[in-house]
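Trainee: I would like to learn how to read a model like this one, feature by feature. Where do we begin?

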Amino acid sequence: MMAHTKFHLGYFTKFGATSWPGDGKEFGSQWADGSYHKELAKMLEAAKFDFILFEDSVIVGDRYGGSMELDLKNATLSPKLDPIPLLPVMAQDTSHIGLIATASTTFYPPYLLARLLSTVDSLTGGRAGWNMVTSSEKNAAMNFGMDKLLPPTERYDMADEFVELTKKLWDSWEEGALVANTDTGVYVDHTKVHTINFEGKHFRSRGPLNTLRSPQGYPVLCQAGASERGREFSSKNAEVVLGMMTGGVKGMKAYREDIRNRAEKQGRNPDDIKVVFLTPVNILPEGEEPHEMTEAEKQASFEHNIVMASSSLDVDFSQYDLDVPVPQDIVAGGHTSALDHMKKLGREEGKSIRDLFSAGQGASGMDFSGTPQQVAEKMMAVMDEVGGDGFLIEGSGYNRQLPELVNGVIPALQKAGAVRTEYKGTTLREILREF
Ligand SMILES: Cc1cc2nc3c(=O)[nH]c(=O)nc-3n(C[C@H](O)[C@H](O)[C@H](O)COP(=O)(O)O)c2cc1C
């Protein structure tokens with residue numbers, strides 16, 4: 001049997017109503033008290049996933065047509081609770097799986113976030129991660145008293161400084177500062193705790209942090225840079241890089257190589273970075289026919305996608321004709337790389353906005369559908385070609401497939417030696433560096 005590239009697995013979700021619209025009785029309809037995600041964490045840990053990652057944003061979406069109706073109706077962007085306090089709740093019933101939350105460098109004061117994530121790393125026994133985002137919604141800026149966001153490159157300049165500062169704060173307590181020596185009566189060795197006196201262009205902080213040094217020292221840093229500036233940021237700072245499958249296997253391979261090359265130029269070992277690709281799966285239990293979406297389901301999916309994109313790209317798509325090739329004069333306040341890609345599909349393939357936001361129109365051309373065995377084989381074939389480092393399986397909206405995922409796809413991957421069957425490390429950083 002051919003040896004497969006061994007790869008990492010993350011699960012992508014949100015602290016929100018991930019199974020809406022369910023039938024109300026379905027696993028997943030209760031979520032706000034954390035009980036659903038505790039069960040989720042246990043299931044994914046049994047399947048030996050590296051981590052669960054929670055996306056986040058701080059808005060009720062009304063960018064599409066200036067109304068909150070479609071967002072709230074479909075539970076697209078809200079309601080969403082803050083995932084950071086959820087991490088220690090999930091840690092209580094698990095022992096190994098990594099727990100990653102998103103927080104924005106544009107809105108948090110660095111000291112506050114450094115202290116919070118240090119606390120969470122302690123509470124989770126060294127299993128915390130931080131998905132570093134710069135945020136892209138004007139509404140979010142307005143929630144924090146700003147009129148608008150700075151341009152993306154400036155937000156990344158700020159983010160670079162933010163990370164530099166938080167790392168200094170996390171290191172303001174040396175390893176071994178806590179001595180708790182009853183003979184000498186010294187709890188903390190004051191010579192191992194330092195002020196940092198950070199003076200940047202955007203931030204200043206005296207330090208030290210007033211927490212203990214956490215088990216990992218600092219959380220595992222994750223990021224999804226797609227633009228030139230974003231890639232520069234992630235290859236400098238991130239340990240887990242979240243990639244898109246845009247451009248299929250060729251695009252994935254090029255993206256991973258680009259991140260690794262940039263990291264090397266910044267003096268880092270590229271093997272310390274795991275590039276994982278966001279992947280929807282469509283698993284069909286053996287012997288079952290594919291589910292044909294009803295018109296209502298198709299419409300809900302379209303609304304969901306267009307509300308999401310209006311918000312993240314900062315474009316009111318309701319102003320444009322949805323049924324002609326993507327207009328080339330759309331201007332985005334947010335992720336311009338994604339909009340550029342949409343325009344290209346409009347230009348070169350005549351795709352309309354409706355085409356691009358309709359279900360089943362994945363821009364990547366990648367297809368991870370089939371029986372558990374078929375899905376596992378497709379995943380392995382792609383990873384063998386790309387060369388690593390793993391998949392970030394899209395959970396939100398797909399949670400109904402969890403039983404097939406953990407009982408079908410994962411065992412098939414394990415049997416073929418493509419994913420782990422046991423954890424060796426205990427902290428998230430150790431687990432990521434097992435291979
Ligand atoms: C898998 C994945 C998860 C992301 N999660 C979030 C998130 O939770 N919150 C957010 O504001 N942005 C999120 N983003 C957006 C990225 O932070 C980033 O802005 C985007 O990938 C575009 O890259 P660029 O900023 O370099 O243009 C995510 C992107 C990807 C691919």
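Trainee: How many residues of the shell around the ligand are nonpolar, polar and charged?

Mentor: This is a predicted model. Reading a shell begins with sorting its residues by class. Here the shell around the ligand divides into nine nonpolar, seven polar and two charged residues.

Trainee: Which residues come nearest to the ligand?

Mentor: There are 18 residues around the ligand, and the nearest are Asp56, Tyr156, Ala224, Ala226 and Ser227. The next step is to look for N or O atoms within 3.5 Å of a ligand N or O atom, the cut-off for a polar contact. Tyr156 places a polar side-chain atom 2.6 Å from an oxygen atom of the ligand. For Ser227, a polar side-chain atom is likewise 2.6 Å from a ligand oxygen atom. Ala226 takes part through its backbone: an N or O atom there lies 2.9 Å from an oxygen atom of the ligand.

Trainee: How much of the ligand's accessible area does the protein cover?

Mentor: On its own the ligand has 610 Å² of accessible area, and the protein covers 88% of that.

Trainee: How is an interface usually sized, and into which domains is this chain divided?

Mentor: Interface size is often quoted as the accessible area lost when the parts come together. For the domains here I can give residue counts instead. Domain 1 comprises 8-149 + 209-292 + 365-432, and domain 2 comprises 294-358. The contact draws on 19 residues of domain 1 and 21 residues of domain 2. Their C-alpha centres are 24 Å apart.

Trainee: Next, strands. In which sense do β5 and β6 pair?

Mentor: As a general idea, side chains in a regular strand alternate between the two faces of the sheet. In this chain, β5 (residues 178-181) pairs with β6 (residues 186-188) in the antiparallel sense, over two bridges. Asn181 stands opposite Val186 in β6. Four residues lie between the strands of this hairpin, and Gly185 has a positive phi near 75 degrees.

Trainee: Which residue other than glycine has a positive phi?

Mentor: Lys48 is one such residue, with phi near 65 degrees. Lys48 sits in the loop between α1 (35-46) and β2 (51-54).

Trainee: Last, the backbone omega angles. Where are cis peptide bonds found?

Mentor: One cis bond runs from Ser78 to Pro79, with omega near 5 degrees. Pro79 belongs to the loop between α2 (69-74) and α3 (86-91). Another cis bond joins Gly388 and Asp389, where omega is about -5 degrees. Asp389 is in the loop between α12 (372-386) and β14 (390-394).

How values were computed. Residues numbered from 1 in each chain as written. Predicted model: local features only at pLDDT ≥ 70, side-chain atom pairs only at ≥ 80, totals over all residues. Heavy atoms only, no water. Near = heavy atom within 4 Å. Polar contact = N/O pair within 3.5 Å; in protein donor to acceptor, adjacent residues only side chain to side chain. Areas by Shrake-Rupley, 256 points an atom, 1.4 Å probe, with all protein chains shown as cover. Nonpolar A, V, L, I, M, F, W, Y, C, P; charged D, E, K, R; others polar. Pairing = 2+ DSSP bridges. Domains from an automatic or database assignment. Contact = heavy atoms within 4.5 Å.
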